[in-house]
Amino acid sequence: MWWKKNKWKIMIPVLIVAVLAAAFWYGGSAPGLQGWTAEAGPAAQAETPVTNPSPAGDALAPASGSTENPPAAQAEGMESSVPASVSGESGGDVSGQNGTAELPEPEYGRVLETPAGQSPEAGIDSRPGGTEGGMTAQEKVDAAAEIAGGSSAGVTAGGTEYSESQGMVIDPAAGKDQYLTDPVPEGRPLPVEPQDAEISDTACTCTLSISCAAILDHMDWLDPEKVELVPEDGWILKPTEVTFYEGESVFNVLQRTCKQQSIHMEFENTPMYNSAYIEGIHNLYEFDCGERSGWMYQVNGWFPNYGCSRYQLQDGDVVEWVYTCDMGVDVGGFYSTGN
Amino acid sequence: MQNRDTFSSYHPAINFLYFALVLVFTMFFMHPASLVISLVSSLTYAIYLNGRKAIRSSLLYLLPMMLMAALINPAFNHEGMTVLTYLPSGNPLTAESILYGAAAAMMLSAVITWFSCYTAVMTSDKFVYLFGRIIPALSLVLSMTLRFIPKFKAQLHVVSEAQRSVGRDVSNGSVLQRLRNAVTILSILVTWALENAIETADSMKSRGYGLPGRTAFSIYRFDDRDKAALVWLGFCGLYIFAGWMAGGLYWRYYPSVRGAVAAPLTISFQLVYFALCLTPVWVDLLADRKWKKLREGNV
């Protein structure tokens, strides 16, 4: 009798709790999903029969064959142009670590056989945060810091004195400039605001490349609809000599080259950082390969800690746009100013 | 309660099931064929139900809204393989984003048209009959909210007529005076709405609404005709759902437009969907013909 009378008083709360619990679980807050460790992805791959001795999953292992491949060789060449104070501080393993980050040649062989073993669709749920996304920005940064084990190789802490002596106005309270940029490491160029840049008629050349090779390591994380877009070797634009006019920024060059080469590119202007933000190139967008994926750029082997509209190019610079699946850890550009 | 058409005379469960199926399918299927089917059948049914008024509202409100939705998407979304040209902002204008905008506009207008049919067929007494026992408070609130706008509009008319008769309408006096009158009318309306809500709640309570053991008079019977309709709706729903799960209604817009191949099986899903969407129109037309024949026979 009591049950008949108060049936709904009990059923409805139970139903509501069940629906909320299901939503909570499905929304990515399940303990299993929250507790994933970043090594789980690459490590799980490493357990699948890997004949190649090069342990690509461990970003910190020194690469054995870094001289064999063109990008790494480039990066090493670039090191020489960096003032001695920078490379001297991090010691001899700088080039080796950068070599790993550049995805050395032997990796390609291994990478290409991995997707064949497992279908890309099978693993999309395994990517960080699942398909829906459940990590906060801070969680992503922490997770990336955990894998990187601190800052990336070859970078030093931002030099406040150096930056100020070069004319960067840094707010003493925040330790950043008006566009929330940390001090630039010693020896690196300072940001030049696009509205102040004077573009002259002097034509210069730089090398531009666009690569999404990091996706090849995480094919199982990639949005199934985008798998067909990834080139077999990861190059969207192989290193190409492009002409630019003195005073132009990395963004200007990227935009013009993408138009000329008919490569799709979408950006968004972010007034807060006074720079364009590259959302997607070649229809590969941020977050398409997990929650920590997106486009990054490096000039002469350094990932600048400011936006691409504020990086003024010099003659002979080497600009590389790389797609990261791990907040820059997998391409060697996690903390550009050290920590 | 007089029925708008023959389909409205079916059991409320059938009416509700039909609209639930059609609305869910419209919102989930982005296949252009499905969208066209849904839009065309919703417009057909709306015109059958509301006549000229439906044509007028769809031309006056739906068409501009569709155009706006179709234009807004390519302005903000630049994904897609086919770059047509570059927008002044520097971002590409892609064919895919235009197509997606058109599809989204079609979906939006189809859903709105379906809801206009829904309000004509699923009157609040039917809704309360269906859900009054399970969720008494919510169904009362829902039916009150859904009725709120038309009731508010009618009351606005009454209030402004009354104010006009004492010379305090928005059509009299200086701009400031008119504004003041308009605010007075709004204030009267809000007061009325609040009081009316309390009165409704009180009167429902005094009639024992939502109490256990309370019965409600209703003339709805689930007869053979409803059973046949249930079987038909169930078949269509399951068939289309199975087709959807199997990818027979798959369509993607980004990064390039691609969809399920046009095979006899995938076309059959669309045909069944079309049949499902047009069920009420088909039921109504058959009944109309029967009536016409009977009348002619009597003469």
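How many salt bridges does the rule find across the interface of chain A and chain B? The rule finds 4. The model is a predicted one, and what follows describes the contact between the two chains before turning to features within each chain.

**The interface**

The contact draws 16 residues from chain A and 19 residues from chain B. The size of an interface is often expressed as the accessible area that is lost when the parts come together. Between chain A and chain B the buried area is about 1,400 Å², and carbon and sulfur atoms give 50% of it.

Among the salt bridges across this interface is one between the side chains of E79(B) and K226(A), with an N to O distance of 2.5 Å. Polar contacts also cross between the chains: 11 residue pairs are found, with both residues at pLDDT 80 or more. On the side of chain A that touches chain B, at least two residues each come from helix 1 (2–29), helix 11 (250–260) and strand 3 (265–270) of chain A. That side of chain A divides into 8 nonpolar, 3 polar and 5 charged residues.

**Chain A: a sheet and a loop**

Strand 3 of chain A, which supplies residues to the interface, also belongs to an open sheet of 3 strands. The strand order in this sheet is 3-4-5, and the pairing is antiparallel. Its edges are strand 3 and strand 5 (284–285) of chain A, each of which pairs on one side only. Strand 4 (residues 275–281) of chain A is joined to strand 5 of chain A by 2 bridges. Here I281(A) stands opposite L284(A), a residue of strand 5.

Over all chains, the salt bridge count comes to 13. One salt bridge within chain A joins the side chains of E193(A) and R310(A), at 2.9 Å from N to O. E193(A) lies in the loop between helix 9 (160–165) and strand 1 (203–211) of chain A, and R310(A) in the loop between strand 6 (294–299) and strand 7 (318–324) of chain A, so this pair ties together parts 117 residues apart in sequence.

The loop between helix 9 and strand 1 of chain A also holds L180(A). L180(A) is not a glycine, yet its phi is positive, at about 60°.

The two named salt bridges are listed here.

| Salt bridge | N to O distance |
|---|---|
| E79(B) and K226(A) | 2.5 Å |
| E193(A) and R310(A) | 2.9 Å |

**Chain B: domains and a cis peptide bond**

Chain B is divided into domain 1 (7–128 + 221–298) and domain 2 (135–206). The C-alpha centres of these two domains of chain B are 34 Å apart.

Which kind of peptide bond joins Y254(B) and P255(B)? The bond is cis, with omega at about -5°. P255(B) is located in the loop between strand 3 (251–252) and strand 4 (258–259) of chain B.

Key: Residues are numbered from 1 along each chain as its sequence is written. Chains are lettered from A and ligands numbered from 1 in the order in which they are written. This is a predicted model: local features need pLDDT of at least 70, side-chain atom pairs count only at pLDDT 80 or more; totals for chains, interfaces and linings use all residues. Side-chain values use heavy atoms; hydrogens and water are left out. Domain bounds come from an automatic or database domain assignment. Contact means heavy atoms within 4.5 Å. Buried area is the accessible area (1.4 Å probe) that two parts lose on being put together, summed over both. A polar contact is a pair of N or O atoms within 3.5 Å; within protein, one must be able to donate a hydrogen and the other to accept it, and residues adjacent in sequence count only if both atoms are side-chain atoms. Helices (H or I, at least four residues) and strands (E, at least two) are DSSP runs, numbered from the N terminus. Ala, Val, Leu, Ile, Met, Phe, Trp, Tyr, Cys and Pro count as nonpolar, Asp, Glu, Lys and Arg as charged, and the others, Gly among them, as polar. Two strands pair if DSSP finds at least two bridges between them.
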